[in-house]
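Visitor: I'm new to this one. Could you show it to me and walk me through it?

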Amino acid sequence: MRELSLHVVGADHPNRGGGNRRFEILLCAPGEAVTLVPEPRNPVDPNAVMVMSARGVQIGYLTADRAAWIVGMLRSGRVVAGVFQQVTPMGAAIRVAFDGAVPALPEPVVEDRDPEPDFWPDELPPDD
């Protein structure tokens, strides 16, 4: 596996010393570098991985299920590079690549808003 997208959560919590994570997420541009910072002294989860924007402001944490895996890679000396991908309802998504690879943003998914483009409703009869 060379790259994948990861969720960043905790956007509604304030940063230590002030700062609004949601606001910082809105300032992030797709493709902008992010930094992954292990927090072994985190009182809730010793495998916590903080995600920092290119401006050095925390935007949240990796989800607990992925954080343990990523922190294990970082502790073993593997290089994990990340970029901001997009804003999500829970916070954000980032794209990461491993072992010196540069993460590339996936093609945007275009939703088909009109599932039946050839469908035309029946005419409504006039009221008598």
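Here is a short chat about the core and the salt bridges.

Guide: This is a predicted model, so local features need pLDDT of at least 70, side-chain atom pairs count only at pLDDT 80 or more, and totals for chains, interfaces and linings use all residues. Residues are numbered from 1 along each chain as its sequence is written, and side-chain values use heavy atoms, with hydrogens and water left out.

Visitor: Which residues touch the most other members of the largest nonpolar core?

Guide: A nonpolar core is a set of buried Ala, Val, Leu, Ile, Met, Phe, Trp, Tyr and Cys residues joined through side-chain atoms within 4.5 Å. Buried means under 20% relative accessible area, exposed means over 50%, and partly exposed is in between (1.4 Å probe, protein chains only). The largest such core here has 22 residues, and those touching the most other members are Leu 36, Val 51, Leu 62, Ile 94 and Val 96.

Visitor: Which elements give two or more residues to this core?

Guide: Helices (H or I, at least four residues) and strands (E, at least two) are DSSP runs, numbered from the N terminus. Those giving two or more residues to the core are strands S1 (3-9), S2 (33-38), S3 (49-52), S4 (58-62), S5 (80-88) and S6 (91-98), along with helix H2 (64-75).

Visitor: What is Leu 62 in contact with, leaving aside its neighbours within four places in sequence?

Guide: Contact means heavy atoms within 4.5 Å. With those neighbours set aside, Leu 62 is in contact with Leu 6, His 7, Val 9, Val 49, Val 51, Ala 67, Ile 70 and Ile 94.

Visitor: How many salt bridges does the count come to?

Guide: A salt bridge is a side-chain nitrogen of Lys or Arg within 4 Å of a carboxyl oxygen of Asp or Glu. By this rule, the count comes to 6.

Visitor: Is Asp 12, in its salt bridge with Arg 22, buried or exposed?

Guide: The two side chains meet at 2.7 Å, N to O. The pair links distant parts of the chain, with Arg 22 in helix H1 (residues 21-27) and Asp 12 in the loop between S1 and H1. Arg 22 is partly exposed at 27% relative accessible area. Asp 12 has 62% relative accessibility, so Asp 12 counts as exposed.

Visitor: And how is Glu 32 placed, buried or exposed?

Guide: Glu 32 meets Arg 55 in a salt bridge (3.2 Å, N to O). Glu 32 sits in the loop between H1 and S2, and Arg 55 in the loop between S3 and S4, 23 residues apart. Arg 55 is partly exposed at 39% relative accessibility. The relative accessible area of Glu 32 is 19%, so Glu 32 is buried.
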